[in-house]
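Biologist: I am new to this structure and would like a close look at a single part, the open sheet and what surrounds it. Could you take me through that part step by step?

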Amino acid sequence: MRMYDIIMKKRNGGALSKEEIRFFIEGYTKGEIPDYQVSALMMAIYFQKMTERETYELTMAMAHSGEMLDLSSIHGRKVDKHSTGGVGDKTSLALTPMVAACGIPVAKMSGRGLGHTGGTIDKLESFPGFSTSLTTEQFIENVNKIGIAIMGQTADLAPADKKLYALRDVTATVDNMSLIASSIMSKKLAAGADAIVLDVKTGSGAFMKSREDAFALAEEMVKIGKNAGRRTIAVISDMDQPLGMAVGNALEVKEAIATLRGEGPKDFTELCMVLGSQMLMAGGKALSVEQAREALTKVIEDGSALRKLSEFVEAQGGDPTAVTDPSLLPKASMVVPVCADRDGFVGRIACEDVGICSLLLGGGRETKESKIDLSVGILLEKKKGDAVKKGDVLGYLHANDEQRLEAAKDKFLNAYAITDSRPETEPLIKGILQ
Ligand code: URA
């Protein structure tokens, strides 16, 4: 078999066989097929798409490209959670301590930023000293001891996805349904949880911009999960504007901490409640949404979710005092307001552009090797539907570099459409599939 023929077959619209898919996944994982050929194949897949069968075979080949974790030594029903990616999506940071405080063992594998979206691992590294490079033994031990551990993708776990994820990030081949579904589900299957709750984003800040595409992606992932014998639930949620008010690594960590104190933005808190309820029910800790919401509210009110975050940060080498004193998290040297240039209402926020604005400030990667600046980002002051007067602050840019700041300012201002009438409000939750 030759990689050249596989690229050409897909370029011409053919469906790849199981053997062809395995060949390129195995070859790429072993380093026998170079990045440039796989980039070409990713682009061909991007344009020609994959069938449901190809997507399933790709998922399985990626899941089996490394070790399949055995979490049976962790007591209780393990429930994993994954988002398809968004702007200001710090959900895992608040949600995992909440559900862990309710008694669900959280053994989660997370990723880094991808395209215009952020990643949990980058955000967690805002805690001074925090490490997500755990051995499997440490990972399991931490979950058994404190109920929560989050690690980065190890070299052994779905290594094909690890390589493809980094490659897609810099070759404009992220937003393809089959590539997203296989990337997420291969990791989730290899990571060994009993049940999987997916947060599928839709809107201008999501990879799946249209509602139809988001539902199709959700359906595809639920089907893959079920075929692989895992209970899989997908919540389809709004990403037509940033989630919460903070975008950027350390800024989002601060917002997640505020949320665990019961002082978080309404939309973000509600999303945590909805996803958390599904996780508690899938994990057998609640029989109904009402019961689950009650339990989640209690762990915020009695401070146990916030304490769980401190325990988790400390167990992974981070400084837990940053949880009680978020001023210890990385801070940018400049905080600059961007103001509305007319009266009206925020009619639309080009959400992807807000994500790109954070990238321009240095909060994301331009190449696989780029180092990111954890302190930069944006704190929004206005969201969709808010009334604004000329001169009102739309958001504050947190920056460390004048040149980057200038580029980001324009992007941010242009992301806001100020209209004469108040826009219709979009529901945060579009649907739940299982
Ligand atoms: N999250 C992933 O893990 N992979 C994708 O391709 C997109 C979002």
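Modeller: The open sheet has 4 strands in the order β6-β9-β11-β7, with antiparallel pairing, where strands are DSSP runs of E with at least two residues, numbered from the N terminus, and two of them pair if DSSP finds at least two bridges between them. Because β6 (246-247) and β7 (334-339) stand at the edges with a single partner strand each, one side of each is left without a neighbour in the sheet. This is a predicted model, in which local features need pLDDT of at least 70 and side-chain atom pairs count only at pLDDT 80 or more, while totals for chains, interfaces and linings use all residues. Residues are numbered from 1 along each chain as its sequence is written, and side-chain values use heavy atoms, with hydrogens and water left out.

At one edge, β7 is joined by 6 bridges to β11 (residues 393-399), and the two run antiparallel; within this pairing, Val 335 has His 398 of β11 as its bridge partner. Helix α16 (residues 351-363) lies across β6, β9 (377-380) and β11, running at about 140° to β9; helices are DSSP runs of H or I with at least four residues, and the angle, on a scale from 0 to 180 degrees, is taken between N-to-C directions of axes fitted to C-alpha atoms, for helices over the stretch in contact, that is, with heavy atoms within 4.5 Å.
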